[in-house]
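These are my notebook entries on helix contacts, aromatic pairs and a few single residues. I open the model and begin with one helix pair.

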Amino acid sequence: MHLDYRREILRYGLPARLSGELVQLFEGKNGLPARRRRTATGVSYRTAYRRFVNLCAAFRDLHALGYRLQSVGNLREEHVRSLVRHWEGKGEAAGTIGNKLSYLRALCAWAGKRGMIKEAAAYAADPRAMKRVLAAREDKSWEGAGVDPLEVIGAVARMDRAVALQLELQWAFGLRVEESFLLRPGHALAEALGRYAIRVEHGTKGGRPRDVGLDEVVQLEVLSRAARHAASPSSTLIPRRYTLARWRNRYYYVVRRFGLARRGGLKVTSHGLRHQYLQRKFEEITGRPAPVKGGSGHDPALYELAMRIVVERAGHSDKYKAGAYLGAARAQSPR
């Protein structure tokens, strides 16, 4: 999939010179990871697209604030400070502002200004508000909301079998939505039978591949049904008449019809199935519920092991990211 930067950037009404410089940087650099990795894998289409739209929107915001920059080289810290305070004033979350700064940081590195942009707290009117909450305070799993995944997925299947199978893959393997779109279940099934794990590499965050082991019989059952539904062993579950973009629209149309939205009838999202899978792994290892479910008194060694495995299964590199799914607790020996 390819972004037509020259066409897309016209929507932002930026000066010709600035637009030309941005297009040149995007075409040359936007497929690269923000930081060096052990693998040469570039970023996903989704990450590249988010960088593009957020950076263009940031320059549009600067123009609305009175800073009519004509070149990327004109960007200074005073502009970054104005942007952060503008976003702050709009009530944007610390995590959202942090992500926008990470995109600006990447752009500055491409333009030879590496190290110019500091953390959000350095620019904010209220630095304390820029502290991210890394540990979940609310259980976002379907179970936590009293929603039975199999019952809801069964209802979805009567409307769209492919959507239902993708939801099942999220529940059984902790996949992100995009990962469930792009998984080839026929290949995954053959792999699972051979080495009791599947390789998740398409649609991953930051293009980081990972292995997810088979720990439950139901995982094999879900894969088998998905493989039978796919058009061929090398096909995804996306029907051939759909592009990825059109399928994404179809998927969210279907799930919203069944109340699967934060503000929908069920008050849960697809992502809650990933939370549920990771919480399930944690409890299997420690023998106690995750902290966000009220679990406490975890054995320190088992707690550390569970956190490490959850991070690996989630496809993150930072062990503290597990807290976003499990909540925070001080490991302590059971009494």
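**Entry 1. H4 against H5**

I listed the residues that bring these two helices into contact in this predicted model. From H4 I noted Val 80, Leu 83, Val 84, Trp 87 and Glu 88, which meet Ile 97, Lys 100, Leu 101 and Leu 104 of H5. Sorting the residues of the contact of H4 with H5 by class, I obtained seven nonpolar, no polar and two charged.

I then turned to the geometry. H4 covers residues 77–89 and H5 covers residues 94–110; their axes come within 11 Å and cross at roughly 155 degrees. Angles over 145 degrees count as roughly antiparallel, and H4 and H5 are therefore roughly antiparallel to each other. I recorded the crossing of H4 and H5 as right-handed.

**Entry 2. H3 against H4**

I next took up helix H3, residues 45–64, whose axis comes within 10 Å of that of H4, with a crossing of roughly 95 degrees. An angle of 65 to 115 degrees counts as roughly perpendicular, so I entered H3 and H4 as roughly perpendicular to each other. On the H3 side the contact is made by Ala 58, Asp 61 and Leu 62, and on the H4 side by His 79, Leu 83, His 86 and Trp 87. The classes for the contact of H3 with H4 came out as four nonpolar, two polar and one charged.

Comparing the lists, I found Leu 83 and Trp 87 of H4 in the contact with H5 and again in the contact with H3.

**Entry 3. Ser 82 and Ala 125**

I looked up Ser 82, which lies in H4. Setting aside neighbours within four places in sequence, I found Ser 82 in contact with Leu 65 and Tyr 67. I also took the C-alpha separation of Ser 82 and Ala 125, which is 10.0 Å for two residues 43 residues apart along the chain.

Ala 125 itself is found in the loop between H5 and helix H6 (149–157). Is Ala 125 buried or exposed? Its relative accessibility is 57%, and exposed means over 50%, so I counted Ala 125 as exposed. Not counting residues up to four places away in sequence, Ala 125 touches Arg 85 and Glu 88. Glu 88 was already in my list for the contact of H4 with H5.

I checked a second C-alpha distance from Ala 125: Asp 139 is 14 residues apart from Ala 125 in sequence and 31 Å apart in space.

**Entry 4. H7 against H12**

I moved to helix H7 (residues 161–173) and helix H12 (residues 271–286), whose axes come within 7 Å and cross at roughly 25 degrees. As angles under 35 degrees count as roughly parallel, H7 and H12 are therefore roughly parallel to each other. H7 contributes Leu 167, Gln 170, Trp 171, Ala 172 and Phe 173 to the contact, and H12 contributes Leu 273, Arg 274, Gln 276, Tyr 277 and Arg 280. I classed the residues of the contact of H7 with H12 as six nonpolar, two polar and two charged.

I followed up Gln 170 of H7. Gln 170 is buried, with a relative accessible area of 0%. Leaving aside neighbours within four places in sequence, I listed its contacts as Leu 175, Arg 176, Val 177, Ser 180, Tyr 251, Ser 270, Leu 273, Arg 274 and Tyr 277. I also noted that Gln 170 and Ala 301 are 131 residues apart in sequence, with a C-alpha distance of 28 Å.

**Entry 5. Aromatic pairs**

How many aromatic pairs does the structure hold? I recorded nine. One of them joins Phe 181 and Tyr 251: the ring centres are 5.0 Å apart and the planes are at 75 degrees, so I entered the pair as edge-to-face. This pair links distant parts of the chain, as Phe 181 is in helix H8 (residues 177–182) and Tyr 251 is in helix H11 (residues 244–257), 70 residues apart. Phe 181 is buried at a relative accessible area of 0%, and Tyr 251 is buried at 0%.

The rings of Tyr 251 and Tyr 252 have their centres 5.1 Å apart and their planes at 90 degrees, so this pair is also edge-to-face. For Tyr 252 I noted a relative accessible area of 27%, which means that it is partly exposed.

Lastly, I traced a cluster in which ring pairs link Tyr 5, Tyr 12, Phe 26, Phe 52 and Trp 110.

Conventions: Residues numbered from 1 in each chain as written. Predicted model: local features only at pLDDT ≥ 70, side-chain atom pairs only at ≥ 80, totals over all residues. Heavy atoms only, no water. Axes fitted to C-alpha atoms, helices over the stretch in contact; angles between N-to-C directions. Helix = DSSP H or I, 4+ residues; strand = E, 2+ residues; numbered from the N terminus. Left-handed = near helix turned anticlockwise from the far one by under 90°. Contact = heavy atoms within 4.5 Å. Nonpolar A, V, L, I, M, F, W, Y, C, P; charged D, E, K, R; others polar. Phe/Tyr/Trp six-rings, centres within 6.5 Å; stacked < 30°, edge-to-face > 60°. Buried < 20%, exposed > 50% of the residue type's maximum accessible area, 1.4 Å probe, protein only.
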